[in-house]
Amino acid sequence: MRKLALAAAFAATLIAGPAFAQYPEKTVNLILPFNAGGESDVSARFQQPYFEQITGQQMVIQYMAGAGGAQAWSQLNSMDGDGYTLMGINLPHTVLQPMEKDVGYETDDLVAVNYFHYTPNALFVPKDSEFQNLQQLIDYAKANPGMVTFSGSGSNSANQIGQTQFDDLAGITTTYIPFSGTGPAVTAILGSQVTAGFNYVTSGVNNGDGMRMLAVASEERVKAFPDVPTFKELGFDLVGGAYRGIAVPKSTPEDVRQKLSDIVTKINQNPEFIKKMEDAGFVLTDVPYSKMADFVAQKKKEYRAIGEKLGIANR
């Protein structure tokens, strides 16, 4: 009788399917580690309606800005791994931050399920800046070491890497000023609180009336800004930016991780979503959960090498 009972229970499990077969069954919360208005926020807002179309459930966006994202990432694994708490995740931030100091997490502690877009760095100046092109800014920086200030999103971020590499390639010395996210970093440019900004190309879409893009750190010119030259065109081998994706607490079951990854991939394939993202200056990627281990290992090796070259301590 006991064997029959066990067999019946097993059969019932097969019929019912996995515990998360109908996932998601309620509202999903997405926590962004930066302020509202930045690239993480814009792309999440673009995702929202398509997430609802695919799943039938809402995705509510919340913010936990601080320490260039580290405040949120350090708390991720203490949150419920039930599939209803998600968090935005960024590279190279999550590789470089733990290299420099104890930020409450290690790179390998974080579970990314999908990296869905890439945003190249770009160099901006206020609209009324005296600098009309990149060479003028370089000439001024050479004549005034340390006087040129660049705003950027976070410390040990893609923006700071871009500024540091630019200094090295151009033979200049500038000063990087980190902000808690892209929003306040751009506000500093718009208000002429800094000389310029090493931010993301996407910042130029909504703020084009208040600032001017001098160069973009991509292999080719970005579709949204066909008239802006790349650093490569101007003689500087500078290509870089940030990858953004979705992460979950470590306790999240494997099947939920995969389902989330599949949902993000489906959103990325939607023609309307593609157009919105490209018009905003984003470059779409598709790094699903099945390829995540190799992707993160590759990027970890790449960014750690850059970090060591830039003098970020290897703890």
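**A guided look at one predicted chain**

**View 1. Ser 192 and Ala 67, two loop residues with positive phi.** Ser 192 has a relative accessibility of 42%, so this residue counts as partly exposed. As you begin, please keep in mind that this model is predicted. Ser 192 sits in the loop between α7 (182-190) and β7 (196-200). Its phi is near 55°, a positive value in a residue that is not glycine. Ala 67 also has a phi near 55°, again positive and again in a residue other than glycine. You will find Ala 67 in the loop between β2 (59-63) and α3 (70-73). With a relative accessible area of 58%, Ala 67 is exposed, the cut-off for that word being over 50%.

**View 2. Two cis peptide bonds, each leading into a proline.** Start at Tyr 23, whose peptide bond to Pro 24 is cis, with omega near -5°. Pro 24 belongs to the loop between α1 (2-16) and β1 (28-32). Then move along to Leu 91 and Pro 92, which are also joined by a cis peptide bond; here omega is about 15°. Pro 92 lies in the loop between β3 and α4 (93-100). Tyr 23 also links this view to the next one: its C-alpha is 7.4 Å from that of Val 256, although the two residues are 233 apart in sequence.

**View 3. Helix α9 and what covers it.** Helix α9 runs over residues 254-268, and its end C-alpha atoms are 21 Å apart. That agrees with expectation, because 15 residues at 1.5 Å a residue should span 21 Å. Which residues of α9 are buried? They are Val 256, Arg 257, Leu 260, Ser 261, Ile 263, Val 264, Thr 265, Ile 267 and Asn 268. Val 256, a member of this helix, has a relative accessible area of 0%, and so it is buried. The cover over the buried residues of α9 includes α2 (39-55), β3 (85-91), β4 (111-126), β9 (241-248), α10 (271-279) and β10 (283-287).

**View 4. Where α2 and α9 cross.** The axes of these two helices come within 10 Å and cross at roughly 115°. The crossing of α2 and α9 is right-handed. On the α2 side, Gln 47, Tyr 50, Phe 51, Ile 54 and Thr 55 make the contact, and on the α9 side Ile 263, Val 264, Lys 266 and Ile 267 do.

**View 5. A salt bridge within α9.** Side chains of opposite charge can pair when their charged atoms come close. Here Arg 257 and Glu 254 form a salt bridge, with N and O 3.1 Å apart. Both residues lie in helix α9, 3 residues apart, which is about one turn of the helix. Residues three or four places apart on an α-helix point the same way, because there are 3.6 residues a turn. Are the partners buried or partly exposed? Arg 257 counts as buried, at 11% relative accessibility, whereas Glu 254 counts as partly exposed, at 47%.

**View 6. Salt bridges at helix α10.** Lys 275 pairs with Asp 279 in a salt bridge whose closest N and O atoms are 2.6 Å apart. These two residues are separated by about one helical turn, because they are 4 residues apart in helix α10. Asp 279 is partly exposed, at 44% relative accessibility. A salt bridge also joins Glu 278 of this helix to Lys 223, at 3.5 Å from N to O. This pair links distant parts of the chain: Lys 223 is in the loop between β8 (211-216) and β9, 55 residues from Glu 278. Lys 223 is exposed, with a relative accessible area of 63%, while Glu 278 is partly exposed, at 26%. Overall, the count of salt bridges comes to 10.

**View 7. The nonpolar cores.** How many residues make up the largest nonpolar core? It has 55, and those with the most contacts inside it are Leu 86, Tyr 115, Met 292 and Phe 295. Strand β4 gives the most to this core, with 6 residues. Let Met 292 be your landmark: beyond its neighbours within four places in sequence, Met 292 touches Ala 112, Val 113, Asn 114, Tyr 115 and Val 287. Another core, of 20 residues, lies apart from the largest one, and its members include Val 125, Val 148, Phe 150 and Ala 170.

Key:
Residues are numbered from 1 along each chain as its sequence is written. This is a predicted model: local features need pLDDT of at least 70, side-chain atom pairs count only at pLDDT 80 or more; totals for chains, interfaces and linings use all residues. Side-chain values use heavy atoms; hydrogens and water are left out. The expected span of a helix is 1.5 Å times one less than its number of residues. Buried means under 20% relative accessible area, exposed over 50%, partly exposed in between (1.4 Å probe, protein chains only). Contact means heavy atoms within 4.5 Å. A nonpolar core is a set of buried Ala, Val, Leu, Ile, Met, Phe, Trp, Tyr and Cys residues joined through side-chain atoms within 4.5 Å. A salt bridge is a side-chain nitrogen of Lys or Arg within 4 Å of a carboxyl oxygen of Asp or Glu. Axes are lines fitted to C-alpha atoms, for helices over the stretch in contact, and angles run from 0 to 180 degrees between N-to-C directions. A crossing is left-handed if the near helix is turned anticlockwise from the far one by less than a right angle, and right-handed if clockwise.
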